[in-house]
Structure formats: C-alpha cells, structure tokens
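Here are some notes to read alongside the structure. Please keep the sequence open and find each residue as it comes up.

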Amino acid sequence: MTKRLDDLGWLVGRWTSNTDADRSQALWTEPLGGLMLGVHLEVKSEGNSVYEFLRVEESGEGLTFCSSSNGEREIAFALRELGDERVEFQRQFPDFPSLVAYWKDGEELCAKIEGLHHGRMRTMEWRWQPS
C-alpha cells in the first residue's frame, strides 16, 4: 500500500507543553498541494530558545521530512515507517539526529529525535497536548 501525505492527518493542529523547565509549541498544517508545514518553538527556563521549520513533502519517491533548526542548513529524512498514528523518518548519516519519529499517545502528540552525538547515542523526546 502506498504511503501518502494524507496518512499524516493526525499530526494537524496546535500542540503545547508547559513544564517547570520548558515551554514548547508545535504547529502542523493540513496536507495541501503535496506538503505539510510545521513549526516548533521551545523556550527553556533560563531563557534560551530553539526553533525549527519543518516540512513533509510527497513525491514520486514517497514522503520526505525536512527540518531546519535555528537558521541552520536543512536536513532531509526519508520515510522509514508509517503506521496508524506513528511515523518515522531516517537519514543515512548516523550523526545527530539520524531518526525523527512522531506518534500519538492518547490525545498527546509525541516526538523523538536520536542519533550519534560525539560518539554517544543521544535521544530527545517531547510530549504535547492539543491546544
């Protein structure tokens, strides 16, 4: 079965997370014209912020996830796995991040990135509630 952008409709929406240490927001648009656009903003308690511009595009080769963090160069990830309310994208290089995953846990949207960072496996995870 062909995996299509419409299969990611469960990502659509505005998502927020507030903890003692961080405030985080994620926003995903509906699939339109072969694209879904996303934005992620995280503000740490010490005032540092991280932002990302995200894109999932559909082409003849399948789905590709693209990310650009804090004005850095864009990184592209190929679709690895797509199931019911879970998706994983991976790139060939083991550098951090080499894997990006999103999934639903009840009403929450979860995300994880992982890969080698200075020779050690590094994993970061987020959980957002609908807002």
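Notes on the predicted model

1. Start with L27, which is found in strand 2 (residues 22–28). The model is a predicted one. L27 counts as partly exposed, at 41% relative accessibility.

2. L27 belongs to a nonpolar patch on the surface, together with V39, L41, V43, Y51 and F53. The accessible area of these residues together is about 490 Å². Which strand gives the most to this patch? Strand 3 does, with 3 residues. Strand 3 and strand 4 each supply at least two residues of the patch.

3. Strands 3 and 4 are also joined to each other. Strand 3 covers residues 35–44 and strand 4 covers residues 49–59. The two strands run antiparallel, and 9 bridges join them. One pair to look up is E42 and V50: V50, in strand 4, is the bridge partner of E42. In general, strands of a sheet pair through backbone hydrogen bonds, and the pairing is either parallel or antiparallel.

4. Now step back to the whole sheet. How many strands close into the barrel? There are 10 strands in the barrel, in the order 1-2-3-4-5-6-7-8-9-10. The pairing is antiparallel. On average, neighbouring strands of this sheet are turned by 25° against each other, with direction ignored.

5. Next come the charged side chains. A search of the whole structure finds 10 salt bridges. Some of the charged residues are linked in a network of salt bridges, namely D22, E42 and K44. E42 therefore appears twice in these notes, as a member of this network and as the bridge partner of V50.

6. R55 forms a salt bridge with E57, and the closest N and O atoms are 2.7 Å apart. Are these residues buried or partly exposed? R55 counts as partly exposed at 21% relative accessibility. E57 counts as partly exposed too, at 29%.

7. A salt bridge also links R86 and E88, with the closest N and O atoms 2.8 Å apart. R86 is partly exposed, at 26% relative accessibility. E88, by contrast, counts as buried, because its relative accessibility is 8% and buried means under 20%.

8. D105 and R127 form a salt bridge in which the closest N and O atoms are 2.4 Å apart. D105 lies in strand 8 (residues 99–105) and R127 in strand 10 (residues 120–130), so this pair ties together parts that are 22 residues apart in sequence. D105 is partly exposed, with a relative accessible area of 41%. R127 is partly exposed as well, at 35% relative accessibility.

9. Finally, the cysteines. How many disulfides does the count give? The count comes to 0 disulfides. A disulfide is a covalent bond between the sulfur atoms of two cysteines. As for exposure, C66 is buried, with a relative accessible area of 3%. C110 is buried as well, with a relative accessible area of 0%.

Conventions. Residues numbered from 1 in each chain as written. Predicted model: local features only at pLDDT ≥ 70, side-chain atom pairs only at ≥ 80, totals over all residues. Heavy atoms only, no water. Pairing = 2+ DSSP bridges. Helix = DSSP H or I, 4+ residues; strand = E, 2+ residues; numbered from the N terminus. Axes fitted to C-alpha atoms, helices over the stretch in contact; angles between N-to-C directions. Disulfide = S-S within 2.5 Å. Buried < 20%, exposed > 50% of the residue type's maximum accessible area, 1.4 Å probe, protein only. Salt bridge = Lys/Arg side-chain N within 4 Å of Asp/Glu carboxyl O. Patch = residues over 30% accessible without salt bridge, like charges linked within 9 Å, V, L, I, M, F, W, Y side chains within 5 Å. Areas by Shrake-Rupley, 256 points an atom, 1.4 Å probe, with all protein chains shown as cover.
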